[in-house]
Amino acid sequence: KIEELEENKEEEIQKELKKAQEELAESEGRRATDALEREAATSLRLESVELQLRAERAGREASANQLLKAADGLGEREAAWEAQRQILVQDAERLREELCEAR
């Protein structure tokens, strides 16, 4: 009977050990799954932030280009006004000289 009790006890211990191992494997599987899900969520957030940064960078570059074009256009207008002013000043001087000569 002692041998039977020892065998039963050993079988029970083996069953409990197997059950504990299964629970541990299941728990580790859940932890691994949770970690993978967190990693996937983090990866998606990272991609989203990267896209936002690219969009912001593209917007800043477009704004900078528009400002440069506007500045170039302003410079061209200023140059055109200056050229017209010079023409008017030269015409006025020529007319003054002609009037002085006509007197």
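Modeller: A salt bridge is a side-chain nitrogen of Lys or Arg within 4 Å of a carboxyl oxygen of Asp or Glu. Keep that in mind here, as this is a predicted model.

Biologist: Which residues are linked in a network of salt bridges?

Modeller: The network joins acidic residues with an arginine. One of its links is between Arg94 and Asp91, with the closest N and O atoms 3.1 Å apart. The linked residues are Asp91, Arg94 and Glu98.

Biologist: How far apart in helix H1 are Arg94 and Asp91?

Modeller: Both residues sit in helix H1. About one helical turn separates them, because Arg94 and Asp91 are three residues apart.

Biologist: Is Asp91 buried or exposed, or partly exposed?

Modeller: Buried means under 20% relative accessible area, and exposed means over 50%. Asp91 has 29% relative accessibility, so it falls in between. Its partner Arg94 has 43%. Asp91 therefore counts as partly exposed.

Biologist: How many salt bridges does the structure hold?

Modeller: Arg94 with Asp91 is one of them. Arg85 with Glu82 is another. So is Glu26 with Arg30. In total, the structure holds four.

Biologist: What is the N to O distance between the side chains of Glu26 and Arg30?

Modeller: Glu26 and Arg30 both lie in helix H1, which covers residues 2-102. They are four residues apart, about one turn of the helix. Their side chains meet in a salt bridge, and the N to O distance is 2.9 Å.

Biologist: Is Glu26 buried or exposed?

Modeller: The cut-off for exposed is over 50% relative accessible area. Arg30, at 47%, counts as partly exposed. Glu26 has a relative accessible area of 52%, so Glu26 is exposed.

Biologist: Which residue forms a salt bridge with Arg85?

Modeller: The two partners are three residues apart in helix H1, about one helical turn. Arg85 is partly exposed at 42% relative accessibility. Its partner is partly exposed at 36%. The closest N and O atoms are 3.0 Å apart, and the partner is Glu82.

Biologist: Which residues gather in a patch of negative charge on the surface?

Modeller: One member, Glu6, lies in helix H1. Glu6 is exposed, with a relative accessible area of 52%. The patch consists of Glu3, Glu4, Glu6, Glu7, Glu10 and Glu11.

Biologist: How far apart are the mean positions of the positive and negative charges of the protein?

Modeller: There are 18 positive and 28 negative charges. Each set has its own mean position. The two mean positions are apart by 6 Å.

Biologist: What is the radius of gyration of the protein?

Modeller: The protein has one helix and zero strands. For 103 residues, the globule rule gives 13 Å. The computed value is well over that, so the protein is more spread out than a compact globule. The radius of gyration is 44 Å.

Biologist: What box do the C-alpha atoms of the protein fill?

Modeller: The box is taken along the principal axes. Its dimensions are roughly 150 × 10 × 5 Å.

Biologist: What separates the C-alpha atoms of Arg38 and Ala80?

Modeller: Arg38 is found in helix H1. Arg38 is exposed, with a relative accessible area of 54%. Arg38 and Ala80 are 42 residues apart along the chain. Their C-alpha atoms are separated by 62 Å.

Biologist: What share of the residues of the protein count as buried?

Modeller: A residue counts as buried under 20% relative accessible area. The protein exposes about 9,900 Å², and carbon and sulfur atoms supply 55% of it. Of the 103 residues, the share that count as buried is 2%.

Technical notes:
Residues are numbered from 1 along each chain as its sequence is written. This is a predicted model: local features need pLDDT of at least 70, side-chain atom pairs count only at pLDDT 80 or more; totals for chains, interfaces and linings use all residues. Side-chain values use heavy atoms; hydrogens and water are left out. Helices (H or I, at least four residues) and strands (E, at least two) are DSSP runs, numbered from the N terminus. Buried means under 20% relative accessible area, exposed over 50%, partly exposed in between (1.4 Å probe, protein chains only). Patches are made of residues with over 30% relative accessible area and no salt bridge: like charges are joined within 9 Å, nonpolar side chains (Val, Leu, Ile, Met, Phe, Trp, Tyr) within 5 Å. Accessible areas come from the Shrake-Rupley method with a 1.4 Å probe; for residues, only the protein chains shown count as cover. Lys and Arg count as positive and Asp and Glu as negative; His and the chain ends are not counted. The place of a charge is taken as NZ of Lys, CZ of Arg, CG of Asp or CD of Glu. The radius of gyration is taken over C-alpha atoms; the globule rule is 2.2 Å times the number of residues to the power 0.38.
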